[in-house]
Amino acid sequence: MISIATPSGHNPIATKGSAEMGKASRDKRDIYYRKAKEEGWRARSAFKLLQIDEEFNIFEGVKRVVDLCAAPGSWSQVLSRKLYLPAKLSSDLPLIVAIDLQPMAPIEGVIQVQGDVTNARTAEVVIRHFDGCKADLVVCDGAPDVTGLHDMDEFVQSQLILAGLTIVTHILKNGGKFIAKIFRGKDTSLLYCQLKLFFTEVTLAKPKSSRNSSIEAFAVCENYSPPEGFNEKDLHRLLEKVGTPSGADDLDCSSGWLEGPNKVYIPFLACGDLGGYDSDRSYPLSKAPDGSYKILDPVQPPIDPPYKRALEMKKASNHGSEKFSLDP
Ligand SMILES: C[S@@+](CC[C@H](N)C(=O)[O-])C[C@H]1O[C@@H](n2cnc3c(N)ncnc32)[C@H](O)[C@@H]1O
């Protein structure tokens, strides 16, 4: 499904009493969750991209962007507010294409593609939108449903990054940027070396809004410059070579060489207002004189939640018994 977006609605603000304390304590737990609702972002992730931009100025000169794994759409909102809205009245509109497995509510100036980024056909649809032009920036905040098995989660996450890199090699202009969520783990050095094959600068950034307790970080890859004579069809073969002793051209990345004097040091940077809010802390909610708390509704509730069918089935089965099943 492909659709072009129209302006999104605004979230109402409501003041509620102590019956809403459960909701209030969730609001209280996470300052960025609250700030996102106050500022109209669909997810707290918006702050991660904004804080990466504060440090790396990623939107400078950007006219064409791909947002991979974009739902519910807070990064696309950032792209719309930073790139589309300021240019809205000009004839030089930016091109923003967002892709996700999940359907996404419309965002002004963002073309949406529903599909799997690991599927070649999805990549083809994205490329078609660019009509022969190249992108200045590709962002990927993709995350699988976390299983809690770290190796498994890290592996699935790395597959999303590789899918992102595949799209990058087809669509990013020389000198362009790629921002990708990674899970820091035992293969981070390898991933760093693989990205370094294509970008002259690769930094791992940890925005202040990303919880310290989370292993997520963001690879900020600048100045796309693929190896001379690179053919997109050879991507996987080339990436596999990085992990072997004779494979890397100028970086020693095979796992046996990652200790001692040959160790690869990965630039790592905390970004965002470091004196500002701490995403692992709780902050008190301000109370109205009547003792109530100001609670904001979610900016964009899920438009097709997986639990919808279960609720419908439960409702239907309530006519008979309370029992219901999730089986098809
Ligand atoms: C953390 S969320 C992205 C949040 C988004 N950046 C935002 O700011 O609203 C991760 C997204 O990755 C998507 N995703 C995971 N695997 C995917 C795949 N193979 N293809 C497309 N999207 C995928 C999920 O559907 C989910 O919406």
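**Exercises on helix 6 and its surroundings**

The buried residues of helix 6 are Gln 157, Leu 160, Ile 161, Ala 163, Gly 164, Leu 165, Ile 167, Val 168, Thr 169 and Ile 171; buried here requires 20 or more other C-beta atoms, placed from the backbone, within 10 Å of a residue's own, and helices (H or I, at least four residues) and strands (E, at least two) are DSSP runs numbered from the N terminus. The model is predicted, so that local features need pLDDT of at least 70 and side-chain atom pairs pLDDT 80 or more, whereas totals for chains, interfaces and linings use all residues. Residues are numbered from 1 along each chain as its sequence is written.

**Exercise 1.** Determine what covers the buried residues of helix 6.

*Solution.* Begin with the strands, where the cover includes strand 3 (64-68), strand 6 (135-140) and strand 7 (172-183). Then turn to the helices, among them helix 5 (120-130), helix 7 (188-196) and helix 8 (235-242).

**Exercise 2.** Find which residues Ile 167 touches, not counting residues up to four places away in sequence.

*Solution.* Taking contact as C-beta atoms, placed from the backbone, within 7 Å, Ile 167 touches Val 66, Leu 68, Val 117, Ala 123, Val 126 and Val 138.

**Exercise 3.** Explain why Phe 198 counts as buried, and place Phe 198 in the chain.

*Solution.* Phe 198 lies in the loop between helix 7 and strand 8 (199-207). Phe 198 counts as buried because it has 22 C-beta neighbours inside 10 Å. Leaving aside neighbours within four places in sequence, Phe 198 is in contact with Tyr 224 and Pro 226. Phe 198 and Val 168, 30 residues apart in sequence, are 9.7 Å apart in space, C-alpha to C-alpha.

Methods: Contact = placed C-beta atoms within 7 Å. Buried ≥ 20, exposed ≤ 12 C-beta atoms within 10 Å, placed from the backbone.
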